[in-house]
Amino acid sequence: MVMYTKKEMAELLGVSKSTVYRFIQENGIKYDRKKGQTMLYSDSALNQLKKVVQRQYGGAHDTTESVNKSVHDKYVKQLKHENEKQAELIKWLQQQLENKENTLRLALADNHELHRQLGMTPSDTQNDQHSDDNTFDGESKADTKETTSEPVKRHWWQLW
């Protein structure tokens, strides 16, 4: 939503800032938002002021075309700014992705080098992964055999 200051509305309507202030007071037009000390007005307030200016000056100020062009220019400027911000974000995200890919490549290269140093082949690493999958919560097969037999009863003071 585009918001306007009194100065911006005066420029759009082709009148002075004091005229806009006076018309706002006389017609009871309320601001929509306040940013610090600055009151911001919506498109509907601008349209109300446009009607007041046309009525007051009897059509001598043809503001319709200038308002439409100014509003259009403001929207275009705002969209260009948002587009630039999005392009910067995309560029940053691409850099992050490249960094992650480089980190992954380095980790894979280190992994292959470690396997080479240990004399492991790719089939050995797959067997290791399968044997890890068969264990329960990282326990060895010997540990799982102990858990299946009857547990040894201990007194509470023997737990430490």
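Which side chain meets that of Arg105 in a salt bridge? Keep that in mind as you go through the views of this predicted model; the reply comes in View 4.

**View 1. The whole chain, with six helices and two strands.** Start with the overall layout. Following the sequence, you run through the pattern α-α-β-β-α-α-α-α. The chain has 160 residues, and 18% of them count as buried. Its accessible surface comes to about 13200 Å², with 52% of that belonging to carbon and sulfur atoms. Now take the contacts between residues at least 6 apart in sequence: 61% of them join residues at least 24 apart.

**View 2. Helix α1 has a buried side and a side turned away from it.** This helix covers residues 6-13, and its buried residues are Lys6, Met9, Ala10, Leu12 and Leu13. Look down the axis of α1 and those residues fall within an arc of 165°, so they line one face of the helix. On the face turned away from that buried side you'll find Lys7 and Glu11, which are exposed. After α1 comes Gly14, with a positive phi near 75°.

**View 3. Arg22 and Glu26 pair up in helix α2.** Their side chains make a salt bridge, 3.8 Å from N to O. Helix α2 spans residues 17-27, and the two partners sit four residues apart in it, so about one helical turn separates them. How covered is each one? Arg22 has a relative accessible area of 37% and is partly exposed. Glu26 is exposed, because its 53% is over the 50% cut-off.

**View 4. Arg105 meets Glu101 in helix α4.** Here's the reply to the opening question: the partner is Glu101, and the salt bridge is 3.9 Å from N to O. Both residues belong to α4, where they are four residues apart, about one turn of the helix. Glu101 is partly exposed, at 36% relative accessible area.

**View 5. Arg116 and Glu113 form a salt bridge, also in α4.** The closest N and O atoms of this pair are 2.5 Å apart. These partners are three residues apart in the helix, which again puts about one helical turn between them. Arg116 is exposed, with 57% relative accessible area, while Glu113 is partly exposed, at 31%. In total, the model has four salt bridges.

**View 6. Leu89, Trp92 and Leu93 make a nonpolar patch on the surface.** Together these three side chains' residues have about 300 Å² of accessible area. Leu89 lies in helix α4, which runs over residues 63-118. At 41% relative accessibility, Leu89 counts as partly exposed.

Notes
Residues are numbered from 1 along each chain as its sequence is written. This is a predicted model: local features need pLDDT of at least 70, side-chain atom pairs count only at pLDDT 80 or more; totals for chains, interfaces and linings use all residues. Side-chain values use heavy atoms; hydrogens and water are left out. Buried means under 20% relative accessible area, exposed over 50%, partly exposed in between (1.4 Å probe, protein chains only). Contact means heavy atoms within 4.5 Å. Accessible areas come from the Shrake-Rupley method with a 1.4 Å probe; for residues, only the protein chains shown count as cover. Patches are made of residues with over 30% relative accessible area and no salt bridge: like charges are joined within 9 Å, nonpolar side chains (Val, Leu, Ile, Met, Phe, Trp, Tyr) within 5 Å. The arc is that of the directions from the helix axis to the C-beta atoms.
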